[in-house]
Amino acid sequence: MPVVRSALLRPFVLAGALAALNAPAADAPAPAEADLAAARAVVQQFAAELKNALGSAIQAGGPVNGIEVCQQQASGIATRAAQQAGFTRVGRTSLKVRNPDNAPDAWELAGLEDFEARKAAGADPATLERAGIVALPGGGHEFRYLKAIPTAAVCLNCHGSTLKPEVSAKIDALYPSDAARGFAEGDLRGAFTLRKPL
Ligand code: HEC
């Protein structure tokens, strides 16, 4: 896990267009516009492909069928999207994870908590993002990007408070420590997370 400088974790206070981004540490460069643009494009593509795959699977065989998409196809879709733009990781994380492998690291945790605070203060979840340059323990730096994922109606099939018994049974079997239930439409479900060595 990369060491996150505490300056990157401080609450963000600037106004205007930069408000969506993390304040750069005094001794670290600000994220490059090109990296930011690439990250936004990858997230857009990942989100669209995932939504399509999920929609078709649910249409074809109900939400139980969609579980496989989320479980197995999401990482493949993410990897393809990442390789196109030189990112070493494209994934999803959350404060309440279904798959423990998706648990946030320190930088992601700070970002997710910041998103919750900004949402509570009235921000539109669809606009929440955070970018930063983080020092790596072995030297060098890494560009990181986090983009909030709001909960849509279709997500409630598997992340809502009341799941169909067959959906619940399959999720219980695959994810014994599942914490990703009880969401309502409009809640922050989590975030897309990207990283790229600089
Ligand atoms: C058909 C069931 C199903 C539906 C519908 C579904 N998910 Fe998931 N979701 C899952 C499963 C299964 C996982 C665990 C994937 C894994 O193993 O990485 C998951 C994981 C996630 C994660 C990664 C963090 C974690 O909890 O492990 C996010 C974020 C997420 N889902 C968001 C959404 C959003 C947003 C929607 C609606 C657009 C949605 N999901 C719809 C089943 C579903």
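Where does R98 lie relative to β1 and α3? R98 is in the loop between these two elements. The legends below describe a predicted model, beginning with the whole protein and then turning to the ligand and to single residues.

**Figure 1. Overview of the predicted model, with its five helices and four strands.**
Along the sequence the elements of the protein follow the order α-α-β-α-β-β-α-α-β. The protein has 198 residues, and 43% of them are buried. Among contacts with a separation of 6 or more, 68% join residues that are 24 or more positions apart.

**Figure 2. Confidence along the chain, given as pLDDT.**
For the protein the mean pLDDT is 84, with 86% of the residues at 70 or more. Of the elements, helix α3 (residues 106-120) has the highest mean, 97, and helix α1 (residues 6-9) has the lowest, 39. Residues 1-20 stay under 50 in pLDDT, and the model gives this stretch 47 contacts beyond four places in sequence. Residues 22-26 are also below 50, with 14 contacts in the model beyond near neighbours in sequence.

**Figure 3. The shell around the ligand, made up of 21 residues.**
C155, C158, H159, Y175 and R189 are the closest of these residues. Three elements, α2 (33-85), β3 (141-150) and α4 (156-159), each give the shell at least two residues. The largest share, six residues, is supplied by α2. Sorted by class, the shell contains 13 nonpolar residues, four polar ones and four charged ones.

**Figure 4. The iron atom of the ligand and its protein donor, H159.**
Atom NE2 of H159 is 2.2 Å from the iron, and H159 is the only protein donor of this metal atom. H159 is part of helix α4. H159 is also touched by R98.

**Figure 5. Polar atoms of three arginines beside the ligand: R92, R98 and R189.**
R189 places a polar side-chain atom 2.5 Å from an oxygen atom of the ligand. For R98 the atom concerned is a polar backbone atom, at 2.7 Å from a ligand oxygen. The side chain of R92 has a polar atom 3.3 Å from a nitrogen atom of the ligand.

**Figure 6. Surroundings of R98, in the loop between β1 and α3.**
R98 counts as buried because its relative accessibility is 10%, and buried means under 20%. The side chain of R98 makes a polar contact of 2.9 Å with the side chain of D178. A polar side-chain atom of R98 is also 3.1 Å from the backbone oxygen of A180. Beyond four places in sequence, R98 touches C158, H159, I171, Y175, D178, A179, A180, R181 and R189. The backbone of R98 takes part at the ligand, with a polar atom 2.7 Å from an oxygen atom there.

**Figure 7. T93 in strand β1 (residues 89-93).**
The relative accessible area of T93 is 4%, so this residue is buried. The side chain of T93 comes to 2.7 Å from the backbone oxygen of N102. Besides N102, the residues touched by T93 beyond four places in sequence are A103, P104, E108, L112, L146, G190, A191 and T193. The C-alpha atoms of T93 and P104 lie 5.7 Å apart, although 11 residues separate the two in sequence.

**Figure 8. P104, in the loop between β1 and α3.**
P104 is partly exposed, with 24% relative accessible area. The contacts of P104 beyond four places in sequence are T93, S94, L109 and L112. S94 is 10 residues from P104 along the chain, and their C-alpha atoms are 6.5 Å apart.

**Figure 9. D35 in helix α2.**
D35 has a relative accessible area of 12% and is therefore buried. Leaving out residues up to four places away in sequence, D35 touches F87, F143, K196 and L198.

Definitions and conventions
Residues numbered from 1 in each chain as written. Predicted model: local features only at pLDDT ≥ 70, side-chain atom pairs only at ≥ 80, totals over all residues. Heavy atoms only, no water. Near = heavy atom within 4 Å. Polar contact = N/O pair within 3.5 Å; in protein donor to acceptor, adjacent residues only side chain to side chain. Nonpolar A, V, L, I, M, F, W, Y, C, P; charged D, E, K, R; others polar. Buried < 20%, exposed > 50% of the residue type's maximum accessible area, 1.4 Å probe, protein only. Contact = heavy atoms within 4.5 Å. Donors = N, O, S within 2.8 Å, 3.2 Å for Na, K, Ca; no water. pLDDT = per-residue confidence, 0-100.
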